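Here are my notes for your first read-through. Keep the structure open beside them and find each element as you go.

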Amino acid sequence: FGDSITEQGGYISLINSSLASKQIFPTILKRGIPGGTIRMIESGRYSPFRSFDTALADDKPTIVFILIGLNDIWSNSLPLRSNQDEFKKILFGMVRTAQDLGIKVILSTLTLIGEIIDSENSFEKDLAAYSQVIIEVAKVCGSALAQVHRDFLEYERLYNQDPPLNAGVLTTDLVHTCQAQQYCPPDAYGNIIIANAFAEALINNTLSKKMKL
């Protein structure tokens, strides 16, 4: 479950390929909503998909990935945005809903909005704060965690210098890791970081040879 980064599917293709190389063959159901916020995923409003609890009951996944939150920070014009307290309450409820159905959950911290990560980036404070909320929910609920925000920042500090670029290192346009759903090369490194973080969380949580994600 996620926003347009999930809808584009770049990191999902890499996860699939990585698991297949280990003779693990999941069925992956993609639930990415362009411009999606956590309320849109949870409720199904303004979304082409069903509500979160209905999707879980119908699809019966083994594991659920949740990478959401950028649009709750990014734009005041988007419907159903949530502040940090609302975001935490909704995310906690979603995780518990899945766990009550016997579904494992992997939460992901956020990616970036703009690749200059110093004080010039007005979004980074909120990205760090929302990511910390996600970490706290994962800890309380005992769910797995993909530390994507940490890994994005580490890569930017190492490879985005002299002078730093605000896009073009891990993103194509400040946010997205693909130019479009139709063009998402496998070497787009933003996707590689997300896929590696998810794969690490999966491997650390006892994979079966067949599962539905």
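1. Start with helix α6, residues 84-100, and helix α7, residues 124-141. In this predicted model, the two pack at an angle of about 30°. Their axes lie 10 Å apart. The crossing of α6 and α7 is right-handed.

2. Now look at who touches whom. From α6, the contact takes in Q84, F87, K88, L91, F92, V95, R96 and Q99. Across from them in α7 are D126, A129, Y130, V133, I134, E136, V137, V140 and C141. Sorted by class, this contact has 11 nonpolar, 2 polar and 4 charged residues.

3. Next comes another helix pair. Helix α2 covers residues 10-21, and helix α9 covers residues 189-203. They pack at an angle of about 45°, with axes 8 Å apart. That angle makes α2 oblique to α9. Is the crossing of α2 and α9 left-handed or right-handed? Here α2 passes α9 in a right-handed crossing.

4. Which residues of α2 meet α9? They are G10, Y11, L14, I15 and L19. Their partners in α9 are N191, I192, I194, A195, F198 and L202. The α2 and α9 contact divides into 9 nonpolar and 2 polar residues, with no charged ones. Set that beside the contact of α6 with α7, where 4 charged residues take part.

5. Turn to the empty space inside. How many cavities of 30 Å³ or more does the structure hold? There are 2. The second largest cavity has about 40 Å³ of space. Its lining is made by F1, R31, I33, I41, S47, F49 and R50. By class, that lining has 4 nonpolar, 1 polar and 2 charged residues.

6. Check the backbone at D162 and P163. A cis peptide bond joins these two residues. Omega there is about -20°. Where does P163 sit? It lies in the loop between α8, residues 148-159, and α9. You have met α9 already, as the helix that packs with α2.

7. One more backbone point concerns K60. Its phi is near 50°. That is a positive value, in a residue other than glycine. K60 is placed in the loop between α4 and β1. In numbers, α4 spans 52-59 and β1 spans 63-66. Find that loop, then look at the backbone of K60 within it.

Terms used
Residues are numbered from 1 along each chain as its sequence is written. This is a predicted model: local features need pLDDT of at least 70, side-chain atom pairs count only at pLDDT 80 or more; totals for chains, interfaces and linings use all residues. Side-chain values use heavy atoms; hydrogens and water are left out. Axes are lines fitted to C-alpha atoms, for helices over the stretch in contact, and angles run from 0 to 180 degrees between N-to-C directions. Helices (H or I, at least four residues) and strands (E, at least two) are DSSP runs, numbered from the N terminus. Angles under 35 degrees count as roughly parallel, over 145 as roughly antiparallel, 65 to 115 as roughly perpendicular and the rest as oblique. A crossing is left-handed if the near helix is turned anticlockwise from the far one by less than a right angle, and right-handed if clockwise. Contact means heavy atoms within 4.5 Å. Ala, Val, Leu, Ile, Met, Phe, Trp, Tyr, Cys and Pro count as nonpolar, Asp, Glu, Lys and Arg as charged, and the others, Gly among them, as polar. On a 1 Å grid over the protein atoms alone, a cavity is a set of points where a 1.4 Å probe fits but cannot get out, and a pocket is an open set with protein on both sides within 12 Å along at least five of seven lines; lining residues have an atom within 4 Å of a point. Grid points are joined across faces, edges and corners, and a volume is the space filled by probe spheres set on the points.
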